[in-house]
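User: Could you take a close look at the aromatic rings in this model, and at what surrounds them? I would like a connected account rather than a list.

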Amino acid sequence: MSRLIAGLEARIAELDAQHLRRRLRVAESPCAPHVQVDGRAMLAFCSNDYLGLAAHPRIVAALQEGAALHGAGSGASHLISGHARAHAALEERLAAFMAPQIDDGRALYFSTGYMANLAILGALGGAEVELFSEELNHASLIDGARLSRAQVRVYGHGDHAQLAGLLQASTAAGKLVVTDGVFSMDGDLAPLKELLTLCERYDAWLVVDDAHGFGVLGAQGRGVLELLGLRSPNLIYMGTLGKAAGVSGAFVAAHASVIEWLVQRARAYIYTTASPPAVAHALLTSLDIIAGEEGAARRAHLQQLIAQWRDGLRLTRWQPIASDTAIQPLVIGDNGEALRVAAALYEQGLWVPAIRPPTVPAGTARLRVTLSAAHTADDVSRLLTAVHQLEKAGS
Ligand SMILES: *Cc1c(COP(=O)(O)O)cnc(C)c1O
């Protein structure tokens with residue numbers, strides 16, 4: 001065997017030995033709580049489809065209509081010839097939707113949230129910039145920070161006092177504070193009010209990645225900024241459209257000059273083919289649902305399920321993380337035990353992912369339960385019962 005291949009295989013075997021090897025499961029039905037996976041009927045608690053819109057008939061029909069209107073592909077990057085009427089319409093709609101939170105705002109649509117984060121940090125970074133990054137930030141922000149060429153300082157989870165000290169000590173020409181709005185593996189919120197006050201005091205941008213808040217939080221679904229009543233020219237908001245919005249892509253909403261700078265300078269925007277216009281067309285329907293009565297009803301149902309889950313937990317060894325969002329992690333600790341519990345749930349037809357390092361810190365392997373407005377109270381009860389039995393059984 002080639003030495004190159006043998007070397008990789010040895011490293012994969014090491015992952016196996018540490019219970020860190022991941023495997024792909026093949027979903028054979030549309031995203032929903034009740035799914036067909038590898039030939040089995042499962043009740044899933046692992047998608048980020050928080051409002052249950054991923055297979056919504058009106059959005060599916062809009063995607064088909066979008067393909068009929070705009071064809072399959074965009075054919076080029078946005079700045080060449082790929083920027084379709086549907087992209088422009090979506091950006092106008094997003095800017096109007098986010099207007100209560102963003103002064104003189106504009107919105108820019110991206111193919112993925114990962115790319116949007118690389119774009120923001122790449123375009124606003126530079127050797128003269130200091131970038132303050134929260135320790136539990138999503139991998140895409142960490143990668144964006146690396147690409148930004150800025151001096152990166154990591155501050156502790158939720159520790160705005162530490163951040164205050166770092167900002168005060170900074171002599172950098174540009175300052176960028178970067179945080180998840182809702183932390184993806186813990187489900188808790190960043191202390192954005194305090195962070196924004198600091199950013200205004202020290203002339204820093206506040207970049208908020210609200211992948212898990214957009215559509216879900218706030219009376220109208222405008223996310224964590226609406227929930228906390230925040231508005232400022234220092235804010236750069238990133239919301240994703242493949243989670244609660246049920247389709248694909250992401251957007252940045254910020255002051256029009258920030259957006260213009262991204263269009264001019266963000267490599268992850270400029271050097272990539274624009275996503276299919278049909279996707280943007282479908283997202284217009286998704287936004288109508290999120291902003292309308294149906295969205296409000298779905299958010300209210302989701303909040304009921306979250307309360308049912310938290311009220312129903314009576315655990316002794318496993319530790320639920322304090323979270324009021326759809327992300328409800330149970331910390332188990334040991335990688336092997338987390339895997340065994342997830343496997344035992346899977347045997348019972350319950351699909352809950354075990355999240356292990358390096359996605360989460362060592363010693364905090366967990367079940368990451370995500371709830372969706374598409375779940376019923378019975379679905380949540382079934383998982384509660386199974387989790388309690390497994391904890392008691394010492395599995
Ligand atoms: C999912 C996620 C992203 C990436 O968004 P995609 O559209 O899936 O690329 C970025 N940040 C956070 C916090 C996420 O959870």
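Analyst: A charge is taken to sit over a ring if NZ of Lys or CZ of Arg is within 6 Å of the ring centre and within 35 degrees of the ring normal. In this structure, which is a predicted model, Arg25 lies over the face of Tyr346, at 3.8 Å from the ring centre.

Turning from charges over rings to rings paired with rings, a search of the whole structure finds five aromatic pairs. One of these joins Phe97 and Phe214, whose ring centres are 5.9 Å apart and whose planes stand at 85 degrees; since planes over 60 degrees apart count as edge-to-face, the pair is assigned to that class. Phe97 belongs to helix H4 (residues 85-98), whereas Phe214 sits in the loop between strand S7 (205-209) and helix H9 (224-228), so the contact between their rings ties together parts that are 117 residues apart in sequence. Both partners are shielded: Phe97 counts as buried at 7% relative accessibility, and Phe214 is buried with a relative accessible area of 0%.

A further pair is formed by Tyr237 and Phe251, with ring centres 5.9 Å apart and planes at 45 degrees, so this pair is tilted. Here the link runs between distant parts of the chain, from Tyr237 in strand S8 (residues 235-240) to Phe251 in strand S9 (residues 250-255), 14 residues apart. Tyr237 is buried, with a relative accessible area of 0%, and Phe251 likewise counts as buried at 0% relative accessibility. Taken together, ring pairs link Phe97, Phe214, Tyr237 and Phe251 into a cluster.

Another aromatic residue, Trp309, is found among the buried residues of helix H13, together with Gly295, Arg299, Leu302, Leu305 and Ile306. These buried residues cover an arc of only 120 degrees around the axis, which puts them on the same side of H13. In general, an α-helix has 3.6 residues a turn, so residues three or four places apart point the same way. What covers the buried residues of H13 includes helix H12 (277-291), strand S11 (327-333), strand S14 (365-370) and helix H15 (377-393). The face turned away from this buried side carries the exposed residues Glu293, Gln304 and Asp311. As for the length of H13 (residues 293-312), its 20 residues should span 28 Å at 1.5 Å a residue, and the end C-alpha atoms are 29 Å apart, which agrees with that expectation.

Conventions
Residues are numbered from 1 along each chain as its sequence is written. This is a predicted model: local features need pLDDT of at least 70, side-chain atom pairs count only at pLDDT 80 or more; totals for chains, interfaces and linings use all residues. Side-chain values use heavy atoms; hydrogens and water are left out. Rings of Phe, Tyr and Trp (its six-membered ring) pair if their centres lie within 6.5 Å; planes under 30 degrees apart count as stacked, over 60 as edge-to-face and the rest as tilted. Helices (H or I, at least four residues) and strands (E, at least two) are DSSP runs, numbered from the N terminus. Buried means under 20% relative accessible area, exposed over 50%, partly exposed in between (1.4 Å probe, protein chains only). The expected span of a helix is 1.5 Å times one less than its number of residues. The arc is that of the directions from the helix axis to the C-beta atoms. Contact means heavy atoms within 4.5 Å.
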